[in-house]
Amino acid sequence: MRGARRPQGGGYSSNANTMNSNQIRPIGPILIDIENITKDYVMGEEIVHALRGVSLQIRSNEYIAIMGPSGSGKSTLMNMLGCLDTPTSGRYEFNGRDVSAMNDDELAAIRNREIGFVFQTFNLLPRADSLRNVELPLVYAGIDSETRRERAARVLQDVGLGDRLHHKPNELSGGQRQRVAIARALVNDPSIILADEPTGNLDSKTGEEIMALFESLYRRGHTIILVTHEADIARHARRTVHLRDGFIESDDGAVAREFEAAAAS
Amino acid sequence: MKRFTYELSESWKIAVAQMRSNKTRSTLTALGVIIGIVAVTLMGTAIAGIQVGFDKSMAIFGDDVLYVSQWPWKPVDDWWNYRDRKKIKTEYAEPINRIISATPNSNLVVAVPTSSLLRSVKYADSEVSNVLIRGTVSDYIITSTFDFQEGRFFNELESRAGANVCVIGYDVADALFPSERPIDKSVLINGQPFKVIGVISRQGTFLGLFSLDSIVVMPLPAFQKYFSAKSDSDILVKLKDKTRLAEARDELTGIMRRVRGLAPEKKDDFSINEQQALKSTLDPIKNSIAIAGLFVTGLSLFVGAIGIMNITFVSVKERTREIGTRKALGARRRTILLQFLIESTALCLLGGFIGLTFAYAMCAGIGKAFPSFPIHFSLGLVVVSMAVSILTGLFSGFAPAWTASRLDPVAALRYE
């Protein structure tokens with residue numbers, strides 16, 4: 001299940017360097033393979049087609065932004081990618097495993113081990129300190145409390161909150177809260193980090209700091225999926241997928257693969 | 001399994017934190033359970049008390065005494081068959097005793113005639129009405145279980161001569177002689193003076209229905225001389241060995257048939273009663289009182305449980321986003337179910353513990369104030385109360401916890 005790890009550090013290539021700072025990197029094996037998925041919701045009498053056939057491949061060590069106006073199916077796609085929801089039709093393979101047929105508990109296990117969520121509203125437990133918030137995914141993974149503490153403290157150190165281990169969310173600034181949330185997303189060493197408007201509740205300066213943190217995570221080999229409607233934020237990603245009306249409108253990753261193919265030949 | 005323990009301890013931590021942060025709400029909610037547990041526990045002690053009192057009342061009859069009477073001690077459908085039976089006469093005692101002493105290895109010891117009716121008893125200006133006046137012989141003391149507070153029972157000589165002496169019950173002594181010694185004073189019954197020679201110590205009430213201390217016992221000849229009309233007579237027969245009750249019963253039946261001169265084809269025209277028969281008649285009544293009592297108090301606990309259920313629903317609603325977050329982080333349905341079940345159970349356990357403490361204090365208070373009330377607080381009751389609290393928690397938490405565990409993570413995360 002955890003076969004396709006991100007390549008640690010190495011593997012940087014300068015072959016496809018046509019896009020100045022937003023370099024396209026040769027990337028790892030396919031992590032997420034979505035083929036022609038649809039999602040329908042019943043809202044009263046009406047059936048809403050939130051996704052009308054979306055195909056997408058995301059490889060290990062990609063930094064991808066999913067963009068689109070509200071109602072474009074962006075959130076629905078994020079829920080699918082995050083294994084919070086299953087598609088109405090279509091195929092979704094995560095690391096070679098068919099997610100579309102999984103039951104609730106199997107999905108919970110995937111979310112626990114493979115996906116690190118970062119929410120717009122942080123979603124920290126208000127009465128728990130940073131350490132306990134970060135420990136939570138490890139509790140659900142069945143890891144003993146000593147190891148939990150140790151790992152949570154280390155990850156908090158990594159995101160620059162080594163001196164805030166015992167602060168509760170209301171004792172932290174917005175940026176610090178989001179750092180705790182990022183630490184929580186990282187603690188179980190997931191295959192992807194899924195961030196939903198991570199800067200939406202932050203001022204622009206703090207937002208930039210958070211984006212810098214994502215950048216450094218990416219450079220360390222993490223796979224990041226960013227869902228946003230802000231072009232400024234999406235610019236940090238190396239690949240951008242635009243959604244409109246439940247379809248993929250554009251995907252510069254396809255271009256990237258052409259570059260790759262060209263480089264390989 | 002390891003994972004389950006971590007989830008369990010995590011859930012406990014959350015439950016405690018939750019109760020701490022919502023002190024007022026938790027206290028008010030637990031109050032319902034506290035009241036319920038107090039009610040159920042007190043009812044439990046009361047039932048245990050009734051049981052003790054019942055056994056005590058039964059002991060008055062003695063488990064080694066057979067009663068020969070006209071009527072059986074149980075409800076009968078064909079009462080007309082019993083109404084026309086010949087009355088039991090006190091004179092039967094003499095032939096019965098003769099046969100007993102002539103029988104080798106008899107299971108019976110002695111037959112004692114008694115005859116009773118209700119009369120008023122007077123002394124000076126005081127009067128007690130509806131006192132059970134009983135005429136019997138000196139052997140009556142063998143078949144009875146009472147002690148004397150002071151004085152003595154009448155002896156064989158007084159018994160045979162029909163002396164105007166009597167032994168009075170505690171209530172009679174209390175009412176007529178509030179400030180003086182009753183011994184050697186004369187009380188008036190039906191205008192006849194009887195000298196008090198003994199006071200029976202307090203017996204209490206029979207199942208709380210009537211006092212066993214409102215009694216005057218006198219020699220049978222004296223009784224017959226003044227109160228012969230309209231009295232009911234029984235013959236009390238003491239057993240040698242109470243484990244051989246059935247044999248004794250058969251033997252006594254045979255003797256009574258001989259005394260009555262019944263032909264073999266005739267049915268018994270008397271009833272032989274014992275404590276056990278009375279017990280089996282009264283047990284269902286006692287049990288239905290217990291069930292009804294527990295049901296009513298159980299209702300108050302149920303109301304408390306509904307309160308917990310309600311508050312757990314509110315808690316689930318309030319923390320929908322938290323549930324969504326936990327699910328996103330990998331909490332399974334079972335984990336969420338467990339978390340809310342433990343929260344409601346912790347609340348109920350807290351309520352149960354406080355309720356039990358209150359109940360214990362109240363029992364101790366009642367025991368101090370009314371020493372005669374047979375209250376019974378046992379370890380078993382504590383265990384049962386705690387078990388009931390836990391069950392209440394599981395019961396009231398289940399529906400909300402189930403709802404929480406079924407929440408769709410997407411909807412829960414979006415919940416405002």
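# Strands, helices and a chain contact

In this predicted model, strand β3 (residues 63-67) of chain A pairs with strand β9 (residues 239-244) of chain A in the parallel sense, over 4 bridges.

User: What makes β3(A) and β9(A) a pair of strands?

Analyst: The bridges do. At least two bridges are needed for a pair, and β3(A) and β9(A) have 4, so they count as paired. One spot to look at is Ala65(A), which stands opposite Thr240(A) in β9(A).

User: How do you know that β9(A) also pairs with β10(A)?

Analyst: Same test. Strand β10 (residues 247-251) of chain A shares 4 bridges with β9(A), this time in the antiparallel sense. The cut-off is at least two bridges, so this is a pair as well. Here Arg244(A) stands opposite Phe247(A) in β10(A). The hairpin of these strands has 2 residues between them, and Asp245(A) takes a positive phi near 50 degrees there.

User: Over in chain B, why are helices α1(B) and α12(B) called oblique?

Analyst: Helix α1 (residues 2-21) and helix α12 (residues 333-369) of chain B pack at about 45 degrees, with their axes 9 Å apart. Angles under 35 degrees would be roughly parallel, and roughly perpendicular begins at 65. The angle of about 45 degrees fits neither range, which makes α1(B) oblique to α12(B). The crossing is right-handed. Among the residues making the contact are Leu8(B), Trp12(B) and Met19(B) of α1(B), and Leu338(B) and Ile342(B) of α12(B). By class, the contact has 10 nonpolar, 4 polar and 2 charged residues.

User: Why are α4(B) and α9(B) oblique too?

Analyst: Helix α4 (residues 93-102) and helix α9 (residues 245-260) of chain B pack at about 130 degrees, with axes 10 Å apart. Roughly perpendicular ends at 115, and roughly antiparallel means over 145. An angle of about 130 degrees falls in neither range, so α4(B) and α9(B) are oblique to each other. Their crossing is right-handed. Pro95(B), Ile96(B) and Ile99(B) in α4(B) meet Ile255(B), Arg258(B) and Val259(B) in α9(B).

User: What makes that contact of α4(B) with α9(B) 5 nonpolar and 1 charged?

Analyst: Pro, Ile and Val count as nonpolar and Arg as charged. Arg258(B) is in the contact, so it falls in the charged class. The division is 5 nonpolar, no polar and 1 charged.

User: Which element gives the largest share of the side of chain B that touches chain A?

Analyst: Chain B has 20 residues in contact with 19 of chain A. The largest share of the chain B side, 7 residues, comes from α1(B). By class, that side has 7 nonpolar, 4 polar and 9 charged residues.

Terms used: Residues numbered from 1 in each chain as written. Chains lettered and ligands numbered in written order. Predicted model: local features only at pLDDT ≥ 70, side-chain atom pairs only at ≥ 80, totals over all residues. Axes fitted to C-alpha atoms, helices over the stretch in contact; angles between N-to-C directions. Left-handed = near helix turned anticlockwise from the far one by under 90°. Contact = placed C-beta atoms within 7 Å.
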